[in-house]
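Reader: I should like a close look at the surroundings of the bound ligand in this model. Please describe them in one connected account.

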Amino acid sequence: MQIEKYKIQAHNDSLLAAHRRRIENSVSEIKDTEDIIQKLIDFQVAIPSWALGTGGTRFGRFSGGGEPRNLEEKMEDIGLLHSLNQSGGAISLHIPWDIPKNIASVKALAAQFGLRFDAMNSNTFQDQPGQEHSYKFGSLQHVNKAVRQQAIDHNIEVIRHGVDLGSESLTVWLADGSCFPGQLNFRKAFQNTLESLKEIYAALPDNWKIFVEYKAFEPNFYSTTVGDWGQSLLYANKLGPKAYTLVDLGHHLANANIEQIVSLLLMEGKLGGFHFNDSKYGDDDLTVGSIKPYQLFLIFNELVEGMEAKGMNHNTDLGWMIDASHNVKDPLEDLLQSIEAIMLSYAQSLIVDRKALAAAQENNDVTAAQEILQNAFRTDMRAIVAEARLRSAGALQPLALFRELKVRENLIKERGLKTIATGL
Ligand code: LRH
Ligand code: MN
């Protein structure tokens, strides 16, 4: 299903007067709105190909129907989202869940929907049918060289798919670790993983990046071989200039100060990108900004401060991706809400009075520093974000239009109730 431009135009026309009142009010209170709106227009977030269905948990999966049955239908759904908010112009594929069968037609489809291919994701955390060696006890860390080689070869094959599609980065997330004390020699596991990553690094084209994604626990529950930002940074530093760390917001131990981690990784020039989601307990993969919206704002505040300090391009110098899994929400509605939360936090971080904040920090004026940050966080930037969509021919209210046009009902008519999307 695609949403015709005239339907988006009609939607915007019906909301324009109210929007004009809101945007005039915002412009009167906020400085540099034109610069902010342009930054929002340029800011694109990659949608994970594995988050267009109902993932479910080990306790159950409750599909809402109309799920995409193949890569082409996944791209159609991401194209539909992008037509509504003009902020999701990229897709991140997971191999082998989304092996592109016909490169030419997949690239043509991406062009038709205005999508580019963001980071490719390898998968050495599941055994595929007919696979020679099992990843039960890990992949790149494995004590058996043959298992490590199988995982290295898979990552190199994923790079090849990415080159064919025009992607320029590989995300490596390893489930590798141990479930019980004594099961693993941590030093040997690190060295096996590093040696294996070096072979994958050597296969990277010159203009490519490799993102080493860390995670504290799950599916291993005693140790994880890339378990935190420090270990990921160790690998990235030992691999070379094309290697970076990747921060998945759900991959930290409780109460970790993620904004401080982001600030230091940016300072080191080793922050490669993000997997945005939200969580209350573990790797819950919930809607971005649905549980800890202030933390998301504080992370964007450090991102903007750090990127400005390094003269980085906000949109192209870091990998912006969502990584979510849906249990009780419509996957497409969930993704629309996630992008809105990201754009709002980014917009709020762009109005932080940085000169005043630096002065407050220099004077140890703790109260003033908090007031400056919370003033930005308490500023309603929804009209500004909507204006960026309007100027990009997106919908003023994407979620409302998604429901008004009965998109899910139409997808169920097209695809049926029982279709299952590959992925989580
Ligand atoms: C691991 C992870 C990783 C993906 C997977 C789908 O928890 O965040 O980024 O490979 O989810
Ligand atoms: Mn992730």
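Author: What follows describes the ligand site and then the metal site. The model is predicted. Ligand 1 sits in the largest pocket. Around ligand 1 lie Trp50, His94, Phe125, Trp173, Glu213, Lys215, Asp248, His251, His275, Asp283, Asp323 and Leu424. By character, this shell comprises five charged, four nonpolar and three polar residues.

Several polar side-chain atoms approach oxygen atoms of ligand 1. For Glu213 the distance from such an atom to an oxygen of ligand 1 is 2.7 Å, for His94 it is 2.8 Å, and for Asp248 it is 3.1 Å. The protein buries 96% of the 290 Å² that ligand 1 exposes when taken alone.

Glu213 and Asp248 also serve the metal site: together with His275 and Asp323, they are the protein donors of the manganese ion (ligand 2). The donor atoms are OE of Glu213, OD of Asp248, ND1 of His275 and OD of Asp323, at 2.1 to 2.2 Å from the manganese ion. Along the chain, the donors of the manganese ion follow the spacing E-x34-D-x26-H-x47-D. The arrangement around the manganese ion is octahedral because its six donor atoms subtend angles of 72 to 169°. Glu213, Asp248, His275 and Asp323 thus appear both among the residues around ligand 1 and as protein donors of the manganese ion.

Notes: Residues numbered from 1 in each chain as written. Chains lettered and ligands numbered in written order. Predicted model: local features only at pLDDT ≥ 70, side-chain atom pairs only at ≥ 80, totals over all residues. Heavy atoms only, no water. Near = heavy atom within 4 Å. Polar contact = N/O pair within 3.5 Å; in protein donor to acceptor, adjacent residues only side chain to side chain. Areas by Shrake-Rupley, 256 points an atom, 1.4 Å probe, with all protein chains shown as cover. 1 Å grid on protein atoms, 1.4 Å probe; cavity = no way out; pocket = protein on both sides within 12 Å on 5 of 7 lines; lining within 4 Å. Sits in = over half its atoms within 2 Å of the grid points. Nonpolar A, V, L, I, M, F, W, Y, C, P; charged D, E, K, R; others polar. Donors = N, O, S within 2.8 Å, 3.2 Å for Na, K, Ca; no water. Tetrahedral: all angles 85-135°; square planar, octahedral: opposite > 155°, others 65-115°.
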